[in-house]
Amino acid sequence: MDEERTIKRSPSQGSIIIDHVAEQKLVRKLDLHIIPIIMLLYLFSFLDRVNIGNARLYGLEEDLGLRGNQFQTAVSILFVTYLLAEVPSNLVLKKFTPSRWISFITVSWGIIATLTGVTQNYAGLIVCRLLLGLVEGGLFPGAAVYLTLFYTKRELALRIGYLFVSAAIAGAVGGLLAYGIGFMDGVAGQRGWRWILIIEGLPSVILGVATWFLLADSPETAFYLTSEEKHLMQVRRDRQVGQTASAQRFHKADVYAALKDWKVYAFCAGQFGTDTMLYGFSTFLPTIIQGLGSWSIAQTQALTIPCYCLGALSYVVVARISDSQQRRGVYTVIFGVISVVGYGILISNASTGVHYFGCFLVAMGLYVTTGLPLAWLPNNQPRYGKRTTATGLQLTIGNASGIMAPYLYPRSEGTRFIRGHAVTLAMVGMANIIFAFMSWYLSKQNARRRRGEEDARVANMSEDEIAELGDKSPRFVYTV
């Protein structure tokens, strides 16, 4: 029978029948209690991280006396501490509990983001960006792992996709907020860019306090689930190959297994390529569009909104299809190619309208190509320790591109930014090749397992021992 309907837990336990109506009701309840909080957390995180791009339009460089590439340095240096925090943060997530740890880092980055608005010089800006990266670094990897505690492989891409929808909303709303807050220029003797950073940072503090009380630490302790629903959560986990009770605990051996798995590093390299596009495009889209024509600040901010909306819509639609088909690679590559075409148009000697159309193509593939691999890798790691380490590595190495991306768009190379677009095109092209290969390779491994070519490895093992093998089990089917 279909693995999603019935599974055999052990020879003595027989089969478990799933009540699909109850399961659908359960998933809707999970969405109601988890997704709004996670979306708001990442929305404010992304907004506080990239609003420096909007603040730039309102006099930040002039007031702080930034020269040369000092602005690019301030943008990129955040990722130094951001990267250092990702894996350690994931490893302590369960120890400190998700609600308390995520609440702590949210309140911390809210305070730091707000205080960035009162900095007086370049040194102060650098210190604030370093501290901001240190506390924000744990959110996305923590949120991605947190979602795997509640959702199955067939539900994960869409839920991780909501994080990228939040990023798109942050990009769109951030421009509008910056435009509105910009009118406060001179209020209390402060420049508009200061008010942008202060006002956009404060909500994170409030949300962080609320997270302590609203975010459940696990299905077993979720206050909003009945005892029957908690049992169904256990059944949902058990029907997935390798998702044993032991596998959901933290084991050092699983950490080492992730560190020695070449497939994890292949995904990390691909993520580096796509994240180059994510951070370059998200941070500098206002600057890119401003260079396409003689736009006012208000017009520039307004022209960014349709791009972000298209990117969010594309991901939601594709993530639903990807979850239902359990196919990640084909959609990652297709939409990566669309973004490559968009950058090709931006590089070309075309009219303003055609260049703006190129921005839409980049945005169309942006979140799909960046987001699907972040569901794809954990889908193939049923053991918690390996999953949390692999996800942390994927995000750490991927986000390292955030150090490089700001230097691709210096003002001196405007208005065309040909070098920046060309480098990003090449990085996304590299990622497409890697993800296409991984899809082919994992499909080939699944075929070997279907033919029974790996069964000899478990010939003398019990059913429980086989289940503990995780993705190494010949019964585990890779998501491709």
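Select Trp 212 first; in this predicted model the residue sits in helix H9, which covers residues 192-214. Trp 212 has a relative accessibility of 43%, so it counts as partly exposed. Now add Val 209, Phe 213 and Leu 214 to the selection: with Trp 212 they make up a nonpolar surface patch, and the accessible area of the four together is about 430 Å².

Next, go to the loop between H8 and H9 and pick Arg 191. Which acidic residues does its side chain meet? One is Asp 63, in a salt bridge whose closest N and O atoms are 2.9 Å apart. This pair connects distant parts of the chain, since Asp 63 belongs to helix H3 (residues 60-64) and lies 128 residues from Arg 191. Another partner is Asp 185, at 3.1 Å from N to O. Are these side chains buried or partly exposed? Asp 63 is partly exposed at 31% relative accessible area, and Arg 191 is partly exposed at 32%. Asp 185, with 43% relative accessibility, also counts as partly exposed.

For a salt bridge in another setting, select Glu 136 and Arg 49, whose closest N and O atoms are 3.0 Å apart. Glu 136 is in helix H6 (residues 122-136) and Arg 49 in helix H1 (residues 20-50), so the bridge links parts of the chain 87 residues apart. The cut-off for buried is under 20% relative accessible area. Glu 136 has 0% relative accessibility and therefore counts as buried; Arg 49, at 2%, counts as buried too.

Then display helix H8 (residues 153-181) together with helix H13 (residues 297-325). How are the two packed? Their axes are 9 Å apart and meet at an angle of about 175°. Angles over 145 degrees count as roughly antiparallel, which means that H8 is roughly antiparallel to H13. Colour the contact between H8 and H13 by residue type: 18 of its residues are nonpolar, 6 are polar and 5 are charged.

Last, return to the salt bridges, of which the structure holds 21. Select Arg 448, Arg 449, Arg 451, Glu 453, Glu 454 and Arg 457. What joins these residues? Salt bridges with shared partners connect them into one network. With the network still on screen, bring back Arg 191 for comparison: its side chain has salt bridges to Asp 63 and to Asp 185.

Methods: Residues numbered from 1 in each chain as written. Predicted model: local features only at pLDDT ≥ 70, side-chain atom pairs only at ≥ 80, totals over all residues. Heavy atoms only, no water. Patch = residues over 30% accessible without salt bridge, like charges linked within 9 Å, V, L, I, M, F, W, Y side chains within 5 Å. Areas by Shrake-Rupley, 256 points an atom, 1.4 Å probe, with all protein chains shown as cover. Helix = DSSP H or I, 4+ residues; strand = E, 2+ residues; numbered from the N terminus. Buried < 20%, exposed > 50% of the residue type's maximum accessible area, 1.4 Å probe, protein only. Axes fitted to C-alpha atoms, helices over the stretch in contact; angles between N-to-C directions. Parallel < 35°, antiparallel > 145°, perpendicular 65-115°, else oblique. Nonpolar A, V, L, I, M, F, W, Y, C, P; charged D, E, K, R; others polar.
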